[in-house]
Each structure stands twice: as C-alpha cells, then as structure tokens.
Amino acid sequence: MSGYRYKRVLLKLSGEALMGEGVYGIDPAVTDRLAHQVADLRNDGIEVGVVVGGGNIFRGMAGAAKGMDRAQADYMGMLATVMNALALQDAFERAGCECRVMSAIQMDEVCEPYIRRRAMHHLEKGDVVIFAAGSGNPYFTTDTAAALRACEIDADCLIKATKVNGIYDKDPVKNDDAVRFDTISYHEVLVRGLQVMDTTATALCQDNNMPIIVLNIEGEDTIKRALAGEPIGTVVVEED
C-alpha cells in the first residue's frame, strides 16, 4: 500500500455518472472501467466503500417537484440506488473483487441489511462494500448518506466522483471564465454556496474533519492518482 495517503476511502458516485453518454440507465462500459479502478485499489490494500445515487433511474426531488409526495418520491429514489448497487456489484465481481451490498432498507433476497460493525468487518477482510438505499430516510440525499457512512466506517477521506474535474467558483459548463480550486475550506464552500455536495453533507464532513476530494470519474485512473496525492480535482479540508 506504499504511495497512498489514505487506507480506507468512501467513494460517492452519482447515478448520472453511470449513464456515460446515455440519457438514462446504466452504461456497462462505465461500470466496467470503474470496477477495474476499484479492483486495482483493493489489490493495493486500500479498503473501499461505495455510496451510489439513483438519478439515472429516478430522482426523488424531481418526482416531488412534479406533485408527488416528497417522502414517497424519496423512497422510490432509494430503490433506484439499490438497482445501481447491484449493477456495480456484478461489475466489481467480474473484475475479481469480493463485494457486498448493504442496504439501509431491508430486502434480504438481494442484499444484506446495513449494520455498521458488519460493514467494518467486510472492509477489514478486503471486501468492497456498496452502501445502498441512501440513509434509509426521506428528505436526505445520497450525498448526506455518503458523508454519514464515511464517518461511520472511519474512512480517511470521501471521494465524490462526478463529471466535472473539481470545484469551480461558478458553473464551468455555462461560464468559460470559471476558475477551479485546488483546495478549498468547508467554510468557503458553504458560504459561497458552491454545489459540491448538499449543505448537510458538507457540514457533516466539516464537523468530523472528513476530507472531501472532488474529481472527474471519466479520467484515466483518477481515483488511484488522487489517493496517491497527485493534484487531481479539488480537496476540501479544514482551514489552517
């Protein structure tokens, strides 16, 4: 495990990141590429937990905006994350990774219930653990679930893998003059209202001094390079 700054990491994947160039669903090429990155980390002795969103299948807030009951819509979104988790599990296992799916909503036929000590045991023996169904509670995003699980499993950092290569002072898609940060404090993220993670997730990481690395999932070995300390993406840390 020489050369890595972190031993145990929590990887947060958006559902949209799994779509690739598509407009819906899961692109197997994306899950396979991700699986090989995670397999390399596992083979190097890194313990990996994963939280995945469900926006490629169903997004609770979008459903609520169209008139659905918010709690009902959020539960549907949680079920979408379980579908993504099972797809990732399949890709990871085909890449040679032992992998467990643990769900905050009990569904024994397809995955284990989330139990913190059991999750820690799986990680310690080298299994990749995918945490599905968010936190199990409506009104909380999968970003918040990722921050919560990262703190619960004593992760050394939280990696948010997106389609953008870091945090910018404004939307880089709409603004050519957007400036990317190499590092930024939790406080500045919250005060500026930067869309890194939702404010609850950012505040939870701040309270527990959990470093956040925001990077582009589509790059070559970006996760591995970031964990090795290369200046990939943006690092969110406490102010000096």
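1. Strands β3 and β4 run parallel and are joined by two bridges. In this predicted model, serine 103 has proline 113 of β4 as its bridge partner. Strand β4, residues 112–113, is an edge strand of the sheet and pairs on one side only.

2. Strand β3 also pairs with β5, in the parallel sense and over five bridges. Here cysteine 99 stands opposite valine 128 of β5. Strand β3 covers residues 99–103, and four of its five residues are buried, so the strand is largely enclosed by the rest of the structure.

3. These strands belong to an open sheet of nine strands with mixed pairing, ordered β4-β3-β5-β2-β1-β6-β10-β11-β9. The edge strand other than β4 is β9, residues 183–185, which likewise pairs on one side only. Within the sheet, β6 (residues 157–162) and β10 (residues 212–216) are paired in the parallel sense through five bridges. One residue pair in this pairing is isoleucine 159 with its bridge partner in β10, isoleucine 213.

4. Helix α1, residues 28–43, lies across three strands: β1 (8–13), β2 (47–52) and β5 (128–132). Relative to β1, the helix runs at about 175 degrees.

5. The structure holds one aromatic pair. The ring centres of tyrosine 114 and phenylalanine 131 are 5.6 Å apart and the ring planes stand at 80 degrees; because an angle over 60 degrees counts as edge-to-face, the pair is assigned to that class. The two residues are 17 positions apart and link distant parts of the chain: tyrosine 114 lies in the loop between β4 and α4 (116–124), whereas phenylalanine 131 lies in strand β5. Tyrosine 114 and phenylalanine 131 are both buried.

6. Tyrosine 114 has a further partner in arginine 149, whose charged end sits over the tyrosine ring at 3.8 Å from its centre. The ring of tyrosine 114 is thus described both by its pairing with phenylalanine 131 and by the charged end of arginine 149.

7. Is asparagine 209 buried or exposed? Its relative accessible area is 52%, and because exposed means over 50%, asparagine 209 is classed as exposed. This residue is found in the loop between α7 (199–207) and β10. Leaving aside neighbours within four places in sequence, asparagine 209 is in contact with Tyr186 and Glu238. Its C-alpha atom is separated by 9.6 Å from that of aspartate 156, a residue 53 positions away along the chain.

Definitions and conventions
Residues numbered from 1 in each chain as written. Predicted model: local features only at pLDDT ≥ 70, side-chain atom pairs only at ≥ 80, totals over all residues. Heavy atoms only, no water. Pairing = 2+ DSSP bridges. Contact = heavy atoms within 4.5 Å. Axes fitted to C-alpha atoms, helices over the stretch in contact; angles between N-to-C directions. Phe/Tyr/Trp six-rings, centres within 6.5 Å; stacked < 30°, edge-to-face > 60°. Buried < 20%, exposed > 50% of the residue type's maximum accessible area, 1.4 Å probe, protein only. Lys NZ or Arg CZ within 6 Å of the ring centre and 35° of its normal.
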